[in-house]
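Let's take a walk through this model together, with the coordinates open beside the text. We'll begin with the cysteines and work outward from there.

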Amino acid sequence: MVAGALLFTGVGPGQPIPSAAFGQHVAGIATAAPAGLQLTSVRLWDTGTRWDEVEPARGQFRWDALDAAVTNAQAAGATDILYVLGSTPQWAAREPQMPGLYGPGTTSLPADPEYYLDYVRALIKRYKGRITGYQIWNEANTRSFYEGDWVALAKLTKRAHGTIKVLDPAAQVVAASSTVIPGKLFQTESFFVRYARALHKLGDPVDAMAVHLYPVDTSKGPDTRAASIVAAQRVLNRVGVNRPLWDTEVNYGDRRPGLPQIVPDAQTAATYTARTYLDSATMGIARTYWYGWDLHVLGIDHTTDAGVTPAGTAFLTVRDWLTGARPAGCSDDGGVRTCHFTAADGSAFTVVWASDGSHEVDTAGLQVCRLDGACAAADTTTVDAQPVLLKQ
């Protein structure tokens, strides 16, 4: 599994993990900077800042929400702000009555690509150096968000890439995201493989590819996500796309009305959060954006009205553990997975968890650090599914 990741620039073993790898969605970012969270990386989606919300009529812009979102993100410490382009305003849609989650026309391609590119130009003129990345579309493989023409989307991606790089060469261009169902058909017939192939024919005009690694079965956890990572990497290897892979949305469980209510308990939620970012760091996912800090839509919340949850604390703890560290490989022995890292100061540490049951681990002479941020010395430690850090 790790060998597949080695082909992707900037995410290989031995390279330092940047703070930008620990992304979040903050629904209320246009209202205020998030309480209890020092941001490093944020993705602007479901924040009242979509294209159809900002430009409801051609050339008429409502910048207030996006201005506030960018300002609040920076006030919270974010140096990496990824803006998602879309959804299409009805006035710009080639199919203005096409149904979509956000209203008629929002899933449609623009009737003229220049409508989209003009919006990109307006964004860069206003936010150059503040918005640091642009994602072409959200979940383009689902009809709730996009009509489904991967060749046309690849061509639009290439034109957007050219426009962005001329106006803001430092900005990163991220491919449209796609959900992952890691079966055989995903390798040959999925939107993701077809879009990747179309992009490759155009010279890979992106700085990163993107997936959403929600388990299709909302009762499943990080092990299922790990299988999806491998499936997505296999597609890119097969097509020949040598770009970093980003997970621009992830969570587990569900709270949406009319769907099975799957809400992991506090300990499981903390475990899943920690495992997500650990797996990303050790399996070649360059950036991961949790959906989301304050959304209360899917199974795991990182904050509530009462404050930061154990899962939110786990996010902050693992970010602190791993930022600046260099992955040095993982191994499995007797049901315990051990991942080795070299910290920014050159010291070594490991993160361990049990793949089944619980196991006694010799930790004599070591500090044992848990997801709540507490560290203590212990001669032996019971290790279960929840990761712990071991250091001198």
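Count the bonded cysteines along the chain and the disulfides follow the pattern 1-2, 3-4. Keep in mind that this is a predicted model. A search of the whole structure turns up two disulfides, so let's take them in turn, given that a pair of cysteine sulfur atoms within 2.5 Å is what counts as one.

The pair C330 and C339 has its sulfur atoms 2.1 Å apart. Turn to the S-S bond and you'll find 110° about it, a right-handed link between C330 and C339. The two ends sit in unlike surroundings: C339 is buried, at a relative accessible area of 0%, whereas C330 is partly exposed, at 28%. The cut-off behind those words is 20% relative accessible area, with buried meaning under that value.

Now for the other link, which joins C369 to C375 with an S to S distance of 2.0 Å. What is the handedness of the disulfide of C369 and C375? The torsion about the S-S bond is about 110°, so this disulfide is right-handed. Here C369 is buried, with a relative accessible area of 2%, while C375 comes out at 39% and counts as partly exposed.

Next, have a look at the hairpin. Strand β11 covers residues 326-333 and strand β12 covers residues 336-342; the two run antiparallel and are joined by six bridges. If you want a place to get your bearings, find S331, which stands opposite T338 in β12. Two residues lie between the strands of this hairpin, and G334 takes a positive phi there, near 60°. While you're looking at strands, remember that side chains in a regular strand alternate between the two faces of the sheet.

On to a helix. Helix α8 takes in residues 222-239, 18 residues in all. How far apart are the end C-alpha atoms of α8? They are 26 Å apart, which agrees with the 26 Å that the helix should span at 1.5 Å a residue. Plenty of α8 can be checked for burial: its buried residues include P222, R225, A226, I229, V230, Q233, L236 and V239. Just after the helix, G240 takes a positive phi of about 100°.

The loops have some backbone details to look at too. Two peptide bonds are cis: one joins G86 and S87, with omega about 0°, and another joins Y291 and G292, with omega about -10°. S87 belongs to the loop between β3 (80-84) and α4 (113-127), and G292 to the loop between β8 (285-290) and β9 (303-304).

That loop between β8 and β9 also holds H296, whose phi is positive, near 55°, although H296 is a residue other than glycine. H296 is partly exposed, with a relative accessible area of 38%. E139 is a non-glycine with a positive phi as well, about 40°, and lies in the loop between β4 (133-135) and α5 (150-167). Is E139 buried or exposed? At a relative accessible area of 9%, E139 is buried.

Finally, go to P18, in the loop between α1 (2-5) and β1 (22-24). P18 is partly exposed, with a relative accessible area of 42%. Then find R319: P18 and R319 are 301 residues apart in sequence, yet their C-alpha atoms are 9.5 Å apart in space.

Key: Residues numbered from 1 in each chain as written. Predicted model: local features only at pLDDT ≥ 70, side-chain atom pairs only at ≥ 80, totals over all residues. Heavy atoms only, no water. Buried < 20%, exposed > 50% of the residue type's maximum accessible area, 1.4 Å probe, protein only. Pairing = 2+ DSSP bridges. Helix = DSSP H or I, 4+ residues; strand = E, 2+ residues; numbered from the N terminus. Expected span 1.5 Å × (residues − 1).
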